[in-house]
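Visitor: I am new to this structure. Could you walk me through it, one question at a time?

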Amino acid sequence: MNRNVTDKLVQEIMLEFARLTGLAPVDAHPRRYLWTDAFAVCNYLELFSRTNDKTYRNLGLHLVDQMHHTLGRHRDDDPRRGWISGLDEQEGELHPTIRGLRIGKKLNERRPRRDTQ
């Protein structure tokens with residue numbers, strides 16, 4: 001496969017990824033997963049580097065922002081609210097990764113099991 005065909009295929013895959021995960025068009029409840037999204041950011045920035053099409057740079061930057069706002073906050077089904085860091089809204093916006101990011105699993109964390117033995 002030549003580079004032009006490969007680049008076109010990657011572009012199609014990454015635009016479909018944006019659509020399916022709620023990146024573009026923006027979904028009220030985007031589906032974010034830390035490791036997949038980190039790889040996608042690299043892909044978008046490489047596509048921008050190869051094509052000079054700002055669409056890909058913007059998708060990469062928007063994805064980072066969406067990751068921070070989704071994975072830097074408690075899940076919707078968690079009784080806790082706000083930023084994982086415990087910072088207020090204004091400080092959390094400035095420092096969304098303090099105390100890390102959630103990985104983005106489908107199910108919420110479970111409590112540790114107690115051994116009955």
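Guide: Contact here means heavy atoms within 4.5 Å. With that in hand, what covers the buried residues of α3 includes α1 and α2. Keep in mind that this is a predicted model.

Visitor: Which residues of α3 are buried?

Guide: A residue is buried when its relative accessible area is under 20%. In α3 that holds for Y56, L59, G60, L63, Q66, M67 and L71.

Visitor: How wide an arc do they cover around the axis of α3?

Guide: An α-helix has 3.6 residues a turn, so residues three or four places apart point the same way. The buried residues of α3 lie on the same side of the helix, because their arc around the axis is only 130°.

Visitor: And which exposed residues does the face turned away from the buried side of α3 carry?

Guide: Exposed means over 50% relative accessible area. On the face of α3 turned away from its buried side, the exposed residues are K54 and L61.

Visitor: How far apart are the end C-alpha atoms of α3?

Guide: Start from the expected span. Helix α3 has 18 residues, so at 1.5 Å a residue it should span 26 Å. The model agrees with that, its end C-alpha atoms being apart by 25 Å.

Visitor: Is H68 buried, partly exposed or exposed, and what is its relative accessible area?

Guide: H68 sits in helix α3. Buried residues fall under 20% and exposed ones over 50%. H68 lies in between, so it counts as partly exposed, at 21%.

Visitor: Which residues does H68 touch, not counting those up to four places away in sequence?

Guide: Take W83 as one example. It is 15 residues from H68 in sequence, and their C-alpha atoms are 9.6 Å apart. Leaving out residues up to four places away in sequence, H68 touches R73, W83, P96, T97 and L101.

Visitor: Let us turn to charges. How many salt bridges are there?

Guide: The rule asks for a side-chain nitrogen of Lys or Arg within 4 Å of a carboxyl oxygen of Asp or Glu. By this rule the count is 8.

Visitor: Which helices do R50 and D7 belong to?

Guide: R50 and D7 form a salt bridge, with their closest N and O atoms 2.6 Å apart. The pair links distant parts of the chain, 43 residues apart. R50 is in helix α2 and D7 is in helix α1.

Visitor: Which of these partners is buried, and which is partly exposed?

Guide: The cut-off for buried is under 20%. R50 has 39% relative accessibility, so R50 is partly exposed. D7 has 12%, so the buried partner is D7.

Visitor: Which residues are linked with D7 in a network of salt bridges?

Guide: D7 and R50 already form one bridge. The network of salt bridges links D7 with E46 and R50.

Visitor: Where is R73, the salt-bridge partner of E89?

Guide: The side chains of E89 and R73 meet at 3.0 Å, N to O. The two are 16 residues apart, with E89 in helix α4. R73 is in the loop between α3 and α4.

Visitor: R102 is buried yet has no salt bridge; what is the nearest side chain of opposite charge?

Guide: R102 is found in the segment after α4. A salt bridge needs a distance within 4 Å. The nearest side chain of opposite charge to R102 is 6.9 Å away, and it belongs to D77.

Visitor: Which backbone oxygen does the side chain of R102 reach?

Guide: Beyond its neighbours within four places in sequence, R102 is in contact with several residues, including L34, T70 and R73. At 2.7 Å, its side chain reaches the backbone oxygen of R73.

Visitor: Which residues does a cis peptide bond join?

Guide: Most residues other than glycine have a negative phi, and most peptide bonds are trans. In this model P25 is in the loop between α1 and α2. With omega about 0°, the cis bond joins A24 and P25.

Visitor: What is the phi of N52, and what is that of R99?

Guide: N52 lies in the loop between α2 and α3, while R99 lies in the segment after α4. N52 is exposed at 59%, and R99 is exposed at 66%. Neither is a glycine, yet phi is positive: about 60° for N52 and about 70° for R99.

Terms used
Residues numbered from 1 in each chain as written. Predicted model: local features only at pLDDT ≥ 70, side-chain atom pairs only at ≥ 80, totals over all residues. Heavy atoms only, no water. Helix = DSSP H or I, 4+ residues; strand = E, 2+ residues; numbered from the N terminus. Buried < 20%, exposed > 50% of the residue type's maximum accessible area, 1.4 Å probe, protein only. Lys, Arg positive; Asp, Glu negative; His and termini not counted. Polar contact = N/O pair within 3.5 Å; in protein donor to acceptor, adjacent residues only side chain to side chain. Expected span 1.5 Å × (residues − 1). Arc of directions from axis to C-beta.
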